[in-house]
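Student: Please take one part of this structure and examine it closely, with attention to its burial and its pairing. Please then go on to the sheets, helix contacts and nonpolar cores elsewhere in the structure.

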Amino acid sequence: MASILRFRKLCYVEQAVKCASVGFESFDQSPKIDQKLDKKEEEVISANNFALEIIKKRKQPRKQPKEWRRLDSCCWMIGYLCSTWWLLLFLYHSLPVTLLQVPESPGVRLKREGLAALHPVVLVPGIVTGGLELWEGQPCADGLFRKRLWGGSFTEIFKRPLCWLEHLSLHSETGLDPPGIRVRAVPGLVAADYFAPGYFVWAVLIENLAKIGYEGKNLHMAAYDWRLSFQNTEIRDHALSRLKSKIELMYLTNGYKKVAVVPHSMGVIYFLHFLKWVETPPPIGGGGGPGWCAKHIKAIMNIGPAFLGVPKAVSNIFSAEGKDIAYIRAMAPGLLDSKILGLQTLEHVMRVSRTWDSIVSLVPKGGETIWGNMDWSPEERHACDFSRKRHSQPSPIDNNVNNSDVKRGFRVKDPVQYGRIISFGKTASQLHSSQLPTIDSKEFLRTSASQNLNFSCGEAWTEYDEMSREGIQKVAANKAYTTQTLLDLLRFVAPKMMLRAEAHFSHGIADDLDNPKYNHYKYWSNPLEMKLPDAPDMEIYCLYGVGIPTERSYVYKLSPTSGCKSIPYQIDSSVNGEDGSCLKGGVYFADGDENVPVLSAGFMCAKGWRGRTRFNPSGIATYIREYRHKPPSSLLEGRGIESGAHVDIMGNVALIEDILRIASGATGKEIRGDRIYSDILRMSERINLRL
Amino acid sequence: MSAIRRRKPINESDKTSEASDSKPHKEKEEEQHGDDDGSDKDKKKIPSKIKKKHEEKPPKWSCLDSCCWFIGCICVTWWLLLFLYNAMPASFPQYVTEAITGPLPDPPGVKLKKEGLKAKHPVVFVPGIVTGGLELWEGRKCAEGLFRKRFWGGTFGEVYKRPLCWVEHMSLDNETGLDPCGIRVRPVSGLVAADYFAPGYFVWAVLIANLARIGYEEKTMYMAAYDWRLSFQNTEARDQTLSRIKSNIELIVATNGGKKAVVIPHSMGVLYFLHFMKWVEAPAPMGGGGGPDWCSKHIKAVVNIGGPFLGVPKAIAGLFSAEAKDIAVVRAIAPGFLDNDIFQLQTLQHVMRMSRSWDSTMSMIPRGGDTIWGGLDWSPEEGYSCAKKRERKNDTQIAEEAGVESAVSQTRSAKYGRIISFGKDVAEAPSSDVERIDFRDAVKGHSAANTTCRDVWTEYHDIGFGGINAVAEYKTYTAESIVDLLHFVAPKMMARGTAHFSYGIADNLDDPKYKHYKYWSNPLETKLPNAPEMEIFSLYGVGLPTERAYIYKLSPAAECYIPFQIDTSADDEETCLKDGVYSVDGDETVPVLSAGFMCAKGWRGKTRFNPSGIRTYIREYSHSPPANLLEGRGTLSGAHVDIMGNFALIEDVIRVAAGASGEELGGDQVYSNIFNWSEKIDLQL
């Protein structure tokens, strides 16, 4: 690549010099070209073309063959590139596979140690990673029957983007299929082994499991439509019944060996829901009876669990953006908001994603008790030197508990108010709470129940179009929101969605778990409002990556573009803290795996369920296994074998080894119990939750 | 990268144009240098080329250049077409087709949806032999990087890349009929297992698409994929496939409000499902322990498509000499091609070695012996005349044909009962003239071959010359002696096979020995389950010549080869003999007799094979070839696999799935002589 570029430059130089030296009429232009060479190639080209035209003018009689040759050399060039490409491709294919020596995979090593498949394994994929295919569509989706709409190569987005969006949306009232459209989850291991070609999700884990003897009969992927709320997957697709029947079958056909379940990301709370569903009597539950989990499940190995939700979900619902999009906006303002092309990408994304109930399941749970309030948060003494940590070698003490004590003095000056998940303006995110205007967030529910609907916008796209200007201003006037008030905020800006979704999810903390209302399915996926099943022999693992800055709270501003069909808020990406601060691009970061903060992933295993608590009455053993993130050392490694990032961790050899060991019969004690790098135990201690 | 590529040609052209006038040599050199940085191959050529350029004054396009130019042209055109194709609206091909052939009929799914049909009964597909995909889960060194890639089905790319490795992985263990050590090849699961066999070659896809139109989806459809290489009981022993099918049917029935399932087996899947129905009601250690009323509780109808209930003669040719009509024809056209030793291919031997390790092929050996398939001098299809095929194309009435046929039969007819004969004269001579020397006691010669024939192993090397001659001396074989013949030439394979399959007719079905699983897939040795409300359909194509009997000869080649081959020189218009194969009516693979007899006679009414009186229906589909190329494999085809795209068949299947009974479908629909032929068979019912 580099050599090609060098050569290109050389060509230009030479041509320009030649132009000058031969001395055509363009003589006066040549010196200029010489000077600008380094700056802009485009100009050179135009100048060259100009020169060329002059040449052509001078050699009028020989024009005909010249024209022909130009086309020829085009073809020549392409042919050359093609054949080189093919040659390389051929060489690559005929290359013996062993030449690209990869480090031995954990599966092979453990097989040599004598591990063999014992417990059947069930994989539960998370949000977004599962494939979706079309079963019935509108005329615009002709010929796409049983083709992947989500996952795979996503070619349809480019071919017919609007059609694609239409098919992926759900009905805005019911949260189920819109009429005439049926999009279903891809079944089987192919559902989530690769998200896109070459981008593995479960594939590495599956391959390693196969090395020690797993195959179709003892390995199952519980694919479900991740857009639906959990109970709706049962209502529409019988997904929970299928999972139950599958687990029972595998238990039977594998010599009465209990099943090891490996859920990832949102799959974790999906499986929590399943645990409650399966033991509940038939009309709303699966009717498995109270001993079902104890009988069928050996261990649940939660990877990157989003037990208590993720702050990212908030920004997603609120303004359809995350860290990444905020950066793009900062770098190329206007690109995403450009109306010229009529794209309005974000608005479309928001319109579609707001029909997906499942996103609401990821809104932070547990309110201020867990996530902190205006002036307090469990992570507040957290060190924020990620940037340095990531680029240098992680030193062993870096994340240690004592280290953070040392740094405390410096951090008191600039305390990060993680508790304020959304603040308007940087100052609002840092001031003491007494200095902030206090408007009761419930107030705007009453005041601005869409008095003057903006009919001028025609078809209402997002629910923001139905909000009045005052409503929008008022939201911004409140300055800061904690997880508690956040829910009110979301109810205000997205009333339909929250109405729909809150019938399926709850975000509070139970005072009395024996209250019969907690038998309703909407509480089943919230670990703070459900009891674990009575299965004392079961084990619960929390496996997650640490050492990557993870979005924790946001600084917002009113969006400058106002009017129809636009989102009135956006992350204020101009806000940056000083060096070493957790604030970057309008986002406060905390420790985590890039998506899920440590707090959400680890708290339940570290404290909420540890020992016999009211959430875990039978005293199921819990273990925390953290994996420190280490970026891949070379390009050859791809996404790394020691990564801690939310999805890439599925290729982490240490994590794979842990899973294989458990699947082949080891217990938590045998893999040496907890393994902790982060502050999770301290953070959990600060959380004052009655157990 | 693409930007660079696009920009470069412009400069290139500039240069070439300039190169011609002032200083060509230097320019060329630069150009060569720059373009080369990717490939090592061309570096060698540069020096020589440059020298050449120095010698000849006017720069000329070298051969390499024009090659490149040519490839470039092709690439550009290709990309352009590809782009156009991709930018083309999806409905475009349909417009073209409609413009040429007139408006197409609605696909049955759309048509029936308009009629108001809706998904009702859950549907279970049981694919047949060969059509199901297999993938690799654990392999030898040579198959590295193929984890969970399709070994069978799909593009078959590996067959060309590493054929021997592929054969090794597809073979099963010779003794056990299970996985060889260190190799695990498993069936693909889900609808993708058999929707397309190869890209563009549909099997179940059309049916699935049409069912989806009336509201079926993943939760109401289930593909009972199994490893079709194994014997039926072994799929349970190794993969617990039967248990999975049972559990899935129970689930699918329970989640659909207790509506019974409609099962649609195809080809060998028909036998597999017969086995399943017995297995599921048998008590636990050997069976599934579902209890005696499992089938009546869970199954509404079994819609058999192209079912080889009584086996197919093709299977014999496959086992005996690894060839069928197709291969025999290839051999006739290009003699020596398949037997080529120069490339050390020995394709047929490899195929034979591989396919003989598959137990399932033995499930297709004709069952019922001489009673069903005919003896030396008679066969149920006796009167069949091939001439009528031509008439059928002209839309003659069926009734008329029957008359014509009987007249013809007086003169001369093929002796279909002799499934294998050595020499055409033997096949036609009256039985009294055929001198047969029993082969069963013949001494098997010494196998000197083993050492010289390298790794290619077929059991023929063990029987030696004496054995081979003894086989040929017996002259002609009927369905009964065929089994003995196979026992003789392939003792190991048959020892494995007879533990899992049986080919006889039961005298007394209550004999406790029939509780053994090896009888479960033979409709003549099992009782149907006690499910009086169930319905059994037999859907198959007719009107295609189907292999029924073969004329063999000793293979001329040396000892390392398969010693027998079909005598392709034998032809006879009158007796349906073509290229050494006698053909009869059927769907190109399964003769009508095998597909229809059980539903026409064996199970019709209350018989000893069908004690509860399950109703049976025959639906035949007369084959008519696609009218033009645009139609692809046709919507009126009756061929064994192509029938899965037959609109009339799909309509019938959908109606049954949506709740119709056999009566509502219109009862029997018969074009062939199946009832006549069935009557001729003297079977105690």
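Tutor: Two strands pair if DSSP finds at least two bridges between them. The model is a predicted one, and strand 12 of chain B (residues 535–542) is the part chosen here. With strand 9 of chain B (residues 299–305), strand 12 of chain B pairs in the parallel sense over five bridges; there, N304(B) stands opposite S538(B). Strand 12 of chain B also runs parallel to strand 17 of chain B (residues 615–622), to which eight bridges join it. Y540(B) has E620(B) as its bridge partner in strand 17 of chain B. In general, the strands of a sheet pair through backbone hydrogen bonds.

Burial adds to this picture. Eight of the eight residues of strand 12 of chain B are buried, so the strand is largely enclosed by the rest of the structure. From strand 12 of chain B, E535(B), F537(B), L539(B) and G541(B) point one way, while I536(B), S538(B), Y540(B) and V542(B) point the other way, and all are buried.

Chain B also contributes to the nonpolar cores. The largest nonpolar core has 177 residues, and those with the most contacts inside it include F125(B), W204(B) and I264(B). Helix 12 of chain B (residues 268–281) gives the most to this core, namely 10 residues. Leaving aside residues up to four places away in sequence, F125(B) touches ten residues named as L191(B), W204(B), L207(B), I208(B), L211(B), M221(B), Y222(B), M223(B), A224(B) and I264(B). Another core, of 158 residues, lies apart from the largest one and has F230(A), V262(A), W292(A) and Y556(A) among its members.

Helix 12 of chain B packs against helix 11 of chain B (residues 241–255) at an angle of about 80 degrees, with the axes 11 Å apart. That angle makes the two helices of chain B roughly perpendicular. The contact involves residues of helix 11 of chain B, including L242(B), I245(B) and I249(B), and residues of helix 12 of chain B, including F273(B), F276(B) and W279(B). By class, the residues of this contact divide into eight nonpolar, three polar and one charged.

Chain A may be taken next. Its six strands form an open sheet with parallel pairing, in the order 7-1-8-9-12-17. The edges are strand 7 (219–221) and strand 17 (621–628) of chain A, each of which pairs on one side only. On average, neighbouring strands of this sheet are turned by 15 degrees against each other, direction ignored. Within chain A, four bridges join strand 1 (residues 121–124) to strand 8 (residues 259–263), and these run parallel. V121(A) has A260(A) as its bridge partner in strand 8 of chain A. Helix 11 of chain A lies across strand 1, strand 8 and strand 9 of chain A, running at about 150 degrees to strand 9 of chain A.

Helix 11 of chain A (residues 266–279) also packs with helix 9 of chain A (residues 230–237), at an angle of about 65 degrees and with axes 9 Å apart. That makes helix 9 of chain A roughly perpendicular to helix 11 of chain A. F230(A), Q231(A), T233(A) and E234(A) of helix 9 of chain A meet M266(A), I269(A), Y270(A), H273(A) and W277(A) of helix 11 of chain A. This contact has five nonpolar, three polar and one charged residues.

Key:
Residues numbered from 1 in each chain as written. Chains lettered and ligands numbered in written order. Predicted model: local features only at pLDDT ≥ 70, side-chain atom pairs only at ≥ 80, totals over all residues. Heavy atoms only, no water. Axes fitted to C-alpha atoms, helices over the stretch in contact; angles between N-to-C directions. Parallel < 35°, antiparallel > 145°, perpendicular 65-115°, else oblique. Contact = heavy atoms within 4.5 Å. Nonpolar A, V, L, I, M, F, W, Y, C, P; charged D, E, K, R; others polar. Buried < 20%, exposed > 50% of the residue type's maximum accessible area, 1.4 Å probe, protein only. Core = buried A, V, L, I, M, F, W, Y, C linked by side-chain atoms within 4.5 Å.
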